[in-house]
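Here are some notes to read alongside the structure. They take up a few strands, a helix and a surface patch.

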Amino acid sequence: MNVTSILSNTQTTEKVRVLVVEDEYILAMNLQEILELLGYTVSDITDSAETAIDKAGELLPNLVLMDIRLRGEMDGIQAAELIWNRFQIPVLYITGHSDKSTVERAKMTFAFGYILKPVKEQQLYVAIQTALNRYQREKLSQSQRLNQLKKNFLGTASHEMRMPLLNIKMTISVLENLMEREGVLNSELLSPFESVAGYLTILRQQSEEGLDLVNNLLSLQMIDTDAYTLELTSFQLQDWLPQTALYFRERARSQQQIFQVSIPENLPPMVSDLGVVTKIISELLNNACKYSPPDEEIRLTVKIIYITKSAINKDAQFGMMTNSQVPFFQIKISNSGVIIPKKEQSRIFKPFYRIPYNDFWKIGGTGLGLALVKNLVEYIQGTIKVTSIQDLTIFTVLLPLSLSDLSP
């Protein structure tokens with residue numbers, strides 16, 4: 001196989017950058033010529049192990065072509081080991097020495113191949129492509145392994161962190177029942193602030209906040225590792241949303257807030273994960289109720305909107321680009337009396353970020369709620385944005401009508 005036939009069989013060489021480490025000038029020039037004829041890019045040529053390490057860190061090539069016998073105190077095998085340990089760059093050895101001791105030393109390092117001089121075009125091409133393919137496979141394998149470790153950790157952490165908090169909640173309920181039976185729960189001998197019921201309420205609230213924190217953290221990690229399993233079902237927003245909003249309607253009423261819901265009766269069914277959509281809406285309504293002052297309005301509205309999507313029509317001649325109108329559910333949750341400063345609007349979806357205190361944001365929180373909402377929305381292939389003008393804050397969520405239609 002000659003150079004021309006090799007080039008006709010590869011489409012991947014143009015983006016591959018190779019650092020050549022060779023202390024014989026003529027051989028180095030010959031290697032550069034062969035590599036460039038094969039379509040590779042020679043990042044640089046160096047003649048010592050020490051310089052090779054520095055250049056590898058500076059240039060970050062895709063591959064290092066390393067002569068084993070180099071001038072100086074350090075040879076190519078030592079340099080290759082340091083390059084791999086520091087930068088995770090694959091090294092392909094090239095040498096005129098094939099003695100057993102040299103080969104055994106090379107095998108002890110993270111070598112991705114071994115070529116004997118004089119180098120031939122076909123031999124070099126096959127060795128480089130084999131080394132790069134092996135490197136990609138090992139990277140991918142290391143990444144399945146890491147995800148599996150993360151999933152195993154999540155499973156263990158889920159049990160270990162949730163169970164103590166759940167046990168605390170259960171113990172509180174048992175104590176309440178026992179004390180109520182003994183007549184101690186609402187003892188007239190204690191002031192309302194010293195009553196057992198008051199202390200138990202504090203314990204319950206704290207344990208629930210701890211559970212929410214753990215659940216949100218685990219959900220974020222599961223989404224990040226693509227371990228969050230979706231359960232698709234078909235449901236009607238006009239039937240489900242009013243029931244979900246009922247709790248928040250009562251909560252708003254108790255806080256002297258106005259709560260309005262506007263949902264058309266003829267909406268098509270939604271195919272998505274009901275639990276995820278419930279979490280998204282509940283978290284946004286919870287924030288609206290938490291931060292809205294008395295006498296202000298909280299509004300939940302839903303409608304269908306159409307978004308223009310561009311796609312390549314594979315059936316059309318020459319693969320023409322076509323535009324189509326794709327329907328989405330637009331869910332808006334707004335609350336008046338609260339303004340999110342412009343500079344804060346791009347930050348509120350970041351984990352643990354909380355708006356600096358002012359008159360309307362003094363209530364505590366972990367800063368995880370909106371981060372989880374954004375991740376969940378995007379996980380079910382939707383979008384979310386916030387606008388805040390004229391004493392009104394609006395969260396706008398766009399969700400596809402059917403998640404199954406968008407799945408690969």
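1. How many bridges join strand β1 to β3, and do the two run parallel or antiparallel? The model is a predicted one. In it, β1 (residues 17-21) and β3 are parallel and are joined by 4 bridges. One pairing to look for is V21, whose bridge partner in β3 is M66.

2. β3 also pairs with strand β4 (residues 91-95); these two run parallel, with 4 bridges between them. Here L65 stands opposite L92 of β4.

3. β3 is mostly covered, with 5 of its 5 residues buried. In a regular strand, side chains alternate between the two faces of the sheet. In β3 both faces are covered: L63, L65 and D67 are buried on one side, and V64 and M66 are buried on the other.

4. Between β3 (63-67) and α4 (76-87) there is a loop, and E73 lies in it. Is E73 buried or exposed? E73 counts as exposed because its relative accessibility is 82%, and the cut-off for exposed is over 50%.

5. E73 also belongs to a negative surface patch, which it forms with E50, D54 and E58.

6. Helix α11 (residues 369-379) is mostly covered, as 8 of its 11 residues are buried. Among them are two runs of neighbours to find in the sequence: G369, L370, A371, L372 and V373, then L376 and V377. Y379 is buried as well. After α11 comes Q381, which has a positive phi, near 65°.

Key
Residues are numbered from 1 along each chain as its sequence is written. This is a predicted model: local features need pLDDT of at least 70, side-chain atom pairs count only at pLDDT 80 or more; totals for chains, interfaces and linings use all residues. Side-chain values use heavy atoms; hydrogens and water are left out. Patches are made of residues with over 30% relative accessible area and no salt bridge: like charges are joined within 9 Å, nonpolar side chains (Val, Leu, Ile, Met, Phe, Trp, Tyr) within 5 Å. Accessible areas come from the Shrake-Rupley method with a 1.4 Å probe; for residues, only the protein chains shown count as cover. A salt bridge is a side-chain nitrogen of Lys or Arg within 4 Å of a carboxyl oxygen of Asp or Glu. Lys and Arg count as positive and Asp and Glu as negative; His and the chain ends are not counted. The place of a charge is taken as NZ of Lys, CZ of Arg, CG of Asp or CD of Glu. Buried means under 20% relative accessible area, exposed over 50%, partly exposed in between (1.4 Å probe, protein chains only). Two strands pair if DSSP finds at least two bridges between them.
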